[in-house]
Amino acid sequence: MIFTNGRLQQGLRVLFAVYLIFTFYITVVSRASSGRDLIRAEWFEDYKSVHDVYANSEIYLNILLFVPIGCLVGLVANKFRLIYAVLVGLFVSETIECSQLIWQRGTFDVNDLMNNTIGAMIGGIIAIAVSHGTQRRKGTKFIVAPNCR
């Protein structure tokens, strides 16, 4: 495990919880009620309109929003970091989309599920890279070359 310090692990868990609350607030609570159930069930709909700036920015923002979630899960997990990051990202995304549908605070969009999960996966990959980088640095032994004349 990259972090052996229990306080650091606990701090990462608290940061994860705070980020989840923040994410839920900006994606569900802060939105105005639409007054109707909106479901977008066509896969890759946002990707079809390549020249639409709004659709492209929505894709990028959904991905970026979930990178920290995947990264934090990946840093806290002992094993299977990427699998946990993807599964937690999918679960959190599904919870948000269902909440938007139930409380009529946005649109249930399957493309959001996909983009959010991609963001969590990217975060998990970053966590793995950070983990391997710190482990490699811990195990590095410096060899001093003999003085050549």
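Let's start with how this protein's contacts are spread along the chain: of those between residues at least 6 apart in sequence, 78% join residues at least 24 apart. Keep in mind that you are looking at a predicted model. The protein has 149 residues, and 36% of them are buried. It contains 5 helices and 2 strands, and if you walk along from the N terminus, the elements come in the order α-β-α-α-α-β-α.

A good place to step inside is the largest nonpolar core, which has 16 residues. The elements that each give two or more residues to this core are H1, H3 and H4, and H3 gives the most, with 8 residues. If you want to find the residues with the most contacts inside this core, look for Leu 12, Phe 16, Phe 66, Ile 69, Leu 75, Val 92 and Ile 96. Try clicking on Ile 69: leaving aside residues up to four places away in sequence, Ile 69 touches Phe 16, Tyr 19, Leu 20, Thr 23, Val 88 and Val 92.

Now for the helices themselves. Helix H1 covers residues 6-29, and its 24 residues reach 33 Å from the first C-alpha to the last, close to the 34 Å expected at 1.5 Å a residue. Its buried residues are Gln 9, Leu 12, Phe 16, Tyr 19, Thr 23, Thr 27 and Val 28.

Next up is H4, made of residues 81-102. With 22 residues at 1.5 Å each, H4 should span 32 Å, and its end C-alpha atoms are 31 Å apart, so the two agree. Which residues of H4 are buried? They are Arg 81, Ala 85, Gly 89, Val 92, Ser 93, Ile 96, Glu 97, Ser 99 and Gln 100. These residues cover an arc of only 160° around the axis, so they sit on the same side of H4. Turn to the face pointing away from that buried side and you'll meet the exposed residues Phe 91 and Ile 102.

How do H1 and H4 meet? Their axes come within 10 Å and cross at roughly 35°, and the crossing is right-handed. On the H1 side, the contact is made by Phe 16, Leu 20, Thr 23, Phe 24, Thr 27 and Val 28, while H4 brings Val 88, Val 92, Ile 96, Ser 99 and Gln 100.

The loops on either side of H4 have something to show as well. Most residues other than glycine have a negative phi. Phe 80, though not a glycine, has a positive phi of about 50°. You'll find Phe 80 in the loop between helix H3 (53-76) and H4. Is Phe 80 buried or exposed? Its relative accessibility is 54%, so Phe 80 counts as exposed. After H4 comes Gln 104, whose phi is also positive, near 50°. Gln 104 lies in the loop between H4 and strand S2 (108-109), and with a relative accessible area of 25%, Gln 104 is partly exposed.

One last stop is Asn 115, in helix H5 (residues 110-139). At 0% relative accessibility, Asn 115 counts as buried, because the cut-off for that is under 20%. Setting aside residues up to four places away in sequence, Asn 115 touches Tyr 47, Ile 59, Asn 62 and Ile 63.

Definitions and conventions
Residues numbered from 1 in each chain as written. Predicted model: local features only at pLDDT ≥ 70, side-chain atom pairs only at ≥ 80, totals over all residues. Heavy atoms only, no water. Helix = DSSP H or I, 4+ residues; strand = E, 2+ residues; numbered from the N terminus. Buried < 20%, exposed > 50% of the residue type's maximum accessible area, 1.4 Å probe, protein only. Expected span 1.5 Å × (residues − 1). Arc of directions from axis to C-beta. Core = buried A, V, L, I, M, F, W, Y, C linked by side-chain atoms within 4.5 Å. Contact = heavy atoms within 4.5 Å. Axes fitted to C-alpha atoms, helices over the stretch in contact; angles between N-to-C directions. Left-handed = near helix turned anticlockwise from the far one by under 90°.
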